[in-house]
Structures are given as C-alpha cells and as structure tokens.
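Thank you for making time for this. I would like to take you through the charged pairs in this protein, and then through two places in the backbone that deserve a careful look.

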Amino acid sequence: MRLLAAAQALSTATFQLVPALGGVMFLHLTGDVAMTGLALSLSGLGQVLTAYPGGRLMDKLGRGPVFAGSAALAAVAAALVAWSFSLHRTWGVAASILLLAAVAAPMRQLSVAAADMHPAELRGRAVGFLFFASAVGALISPVASSVSARLAGDEMVAITWTWLVAAGLQVLIVPLMRRLRPDPMELGRHVPEPSVTYGTAGRRHSPALVAAAVSTYAAHWGLMTLAMALAPVAMRAHGHAVPDIVWAIAIHSVGMFAFSVPLGALADRVGRLPVMLGSLVVNALSTYGSVAFPQFWTATLFLFLVGVGWSAGVVAATALLSDLSQVEERGRRFGVAEFVARGAVLGYPVVGSVVVGRFGLVAVAAALAVSVAVPAWLIVRGSARARAWAAAPAESGR
C-alpha cells in the first residue's frame, strides 16, 4: 500500500499539470483564448480511448507490470510535451498531451490494486488511503513549477522544465511498481469473497449493483468537473478577484482528498449504497450552490462540499465495484467505469455551459436533478434486488 500510495502521489503531480498549465501553454502558442480548453479535452479523449483496454491488460498481465509500463510511457510523453513546447509546435504539444493521457490512463486505476489486497470490510479505507495520497501529490506540482520558474527566470521556459520534472517523476514510479511482489492480483486470489454479505440474491443480481456503482462513479466525476468549470466563471462574474478564485479551487481540492480515509471507513461501516446515495444528494446541491450564490465564502463552502461529496461517492462506488468483481475481471470492470466517467468529464462541462448560457440556473437545477436521479434510482433498484445494503459489516455478521 505504501508503494501504491507513492505511485499515486507521483502520478497526481503529473496529471495536475494538464489543467494547471495546459490553457496557459495553448494561449501562449496560439494567442487564441478559444484554444485554452484544448488540453483538458485532449486529456479526456486520451483516457476514454485507453481506459477499458488498460483494464483488460491489467487482468491479463497483472497490476504491477501494467502500472510500470504505463509510467514509463508517460515519462516519454511528458518529455515530448516539454520538447514540443520548447520548439513552439502547437500540434506537437496537442499530440503529446493526447499521448500522455492515453498511456497514463492505467495509473488512474491504482485503486484496483488496493482493492485486490483487502477484504470487503477494509476495502473502503484502503481506497480512501490511496486517494489521500493524491493530496500529497497535489502539492508536488506547484513546488516543481515554482522551483523551475525561479531557476529558469522566465515563465515560459519554466513550463518546459516543469514538464521535464514531471517526466522524471513518472520514471520514479517504474521501480516502485516493479517492487510489487507478489503482484496485488495474485494476493487478491487469496482474499475471501464477501459471499455472506451478498448471499445468493446479491450474486444473482450483481449486474444491478454494478450499474449503480458505475453510474454513481461517472456522475460524481461529471458533477465535479461541471462545478470546476462553472464556479470560477460565476465567481468572476460576481466580481471576485482571480487570486481569491484560486484559493477557492484549492479549498475544493482539500475537500476531494483530505477526508477520503474516514469516508472510506464510513462506507465500510454503514455500507456502500447509503454513502453513495447521500453523496449524490450532497454533490448535486453543492454544485448548484457553488454557481448560484454570489457571496465568496458561501460559494467556496459549496465547492468544498462538492469535493467531499465526490470523495465519498467515488470511494464507496470503487469499493462496491471491487466487492462485486472477481479478481480476474476487476480491471475490466474498472475500465468500463473509467470509460463512462471520462465520457462524463468530456460532456458535462460542455452541456452545462450551454445550459447556463441559454436557460439560466433553473435549467441547471433540472439538469442536476436528472444527473442524480438516474444513479439514485439504480442504487435503490440494486439494493431492492439484492435484498441487502452492500458490504455493511453489521449485515455480514462481522
């Protein structure tokens, strides 16, 4: 778990550079504000393309080899981003970012390995611990950027050096993943299945619970991305300064990762489905509040709660999907979840921006209600068919 957490932190530090620097890079290269969203779009597209194949490969070759290969290729891609930017090659940068997202997609599934190694009653905390490592990684990239700027003396040159540092961070992941012995997938074969918790009905109707987990996972990613896209624009429209908005986004990031361990423990204690259902309600209300309220600290509080709701929902859905999957199929299941989630990441900001611009906040509220209603209905339906809340220790007699 310490090896996985270190890899999670290092990969997060690299992933964060796309939203942090991508817009600035394309604005510098093209001079066109309309191009500033290209980096995030390319990143989402790359992950959509390889999320499921990466999961299948993990089931075939094991977790460690795929993670190591993904990190090695990501190091090459990050170096290509730096090289293309230094040569002022716009489409070279675009192609390199697309390649980076595609080859690094398996690193988004480190939680699969964490789930492999733990029984159901500890799985939520294990996934939460891994997510908490992302909070550490979130601090690495700004430090690397600041040091590069100080040494280079020029902001644009510093961007090149920052991407080279990111390539080095990816290289560090390779030996960490090679030390995963035995492979988490192999360990997972010796972890007892939660058959007592689900019973015959739970196993027979697991597709309904799988649909609930995947839809909740994707909805949380979509809602979180929507809030990140709309809230800064709304804050700026309400007259708040750019540095204040940056702090609001930082506070949102704290909500995403700082409480993942206790939220994972909550999912272990009371069950996955109650936490998933509650998190959807919190996330929808908070997403609306982050856009609707003009007061800075009120909007920031709602952004923070978006992060907390995202953390609770994603951790619980990840644990549930792991509970319902045999170790040999877990990678593919998560590949499907990642594929759907990345589609939501691509679609929600675009649709949300159009809805806000054309129809206002009432339409946003209606869209959020629909976004939550679908996975909530699947949760209730899955719970009724399985006749039990999933993986609650009190129900399993533990």
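Let me begin with a residue that you might not notice from the outside: Asp268 is buried, with a relative accessible area of 0%. Please keep in mind, as we go on, that what you see is a predicted model.

Which residue does Asp268 pair with in a salt bridge? The partner is Arg125, and the closest N and O atoms of the two are 3.1 Å apart. Arg125 sits in helix H7, which covers residues 120-152, whereas Asp268 belongs to helix H13, residues 260-270, so this salt bridge ties together parts that are 143 residues apart in sequence. Unlike the buried aspartate, Arg125 is partly exposed, at a relative accessible area of 35%.

That pair is part of a wider set, since a search over the whole structure finds 12 salt bridges. Let me pick out a second one, between Glu338 and Arg342, where the closest N and O atoms are again placed 3.1 Å apart. Here the setting is a single helix, H16, residues 330-359, in which the two residues are 4 apart and therefore separated by about one helical turn. Are these two side chains buried or exposed? Glu338 counts as buried at 3% relative accessibility, and Arg342, also at 3%, counts as buried too.

A third pair is formed by Glu329 and Arg333, whose side chains meet in a salt bridge with an N to O distance of 3.8 Å. In this case Glu329 is partly exposed, with a relative accessible area of 24%, and Arg333 is likewise partly exposed, at 23%.

Beyond these pairs, I would also point you to a network of salt bridges that links Asp59, Arg63, Asp116, Arg330 and Arg332.

Let me turn now to the backbone, and to the two places I mentioned at the start. The peptide bond that runs from Arg181 to Pro182 is cis, with omega near -5 degrees, and Pro182 itself is found in the loop between helix H8, residues 155-178, and helix H9, residues 184-188.

The other place is His88, which has a positive phi of about 60 degrees although it is not a glycine. Where does His88 lie? This histidine is in a loop as well, the one between helix H4, residues 63-86, and helix H5, residues 90-104.

Technical notes: Residues are numbered from 1 along each chain as its sequence is written. This is a predicted model: local features need pLDDT of at least 70, side-chain atom pairs count only at pLDDT 80 or more; totals for chains, interfaces and linings use all residues. Side-chain values use heavy atoms; hydrogens and water are left out. A salt bridge is a side-chain nitrogen of Lys or Arg within 4 Å of a carboxyl oxygen of Asp or Glu. Buried means under 20% relative accessible area, exposed over 50%, partly exposed in between (1.4 Å probe, protein chains only).
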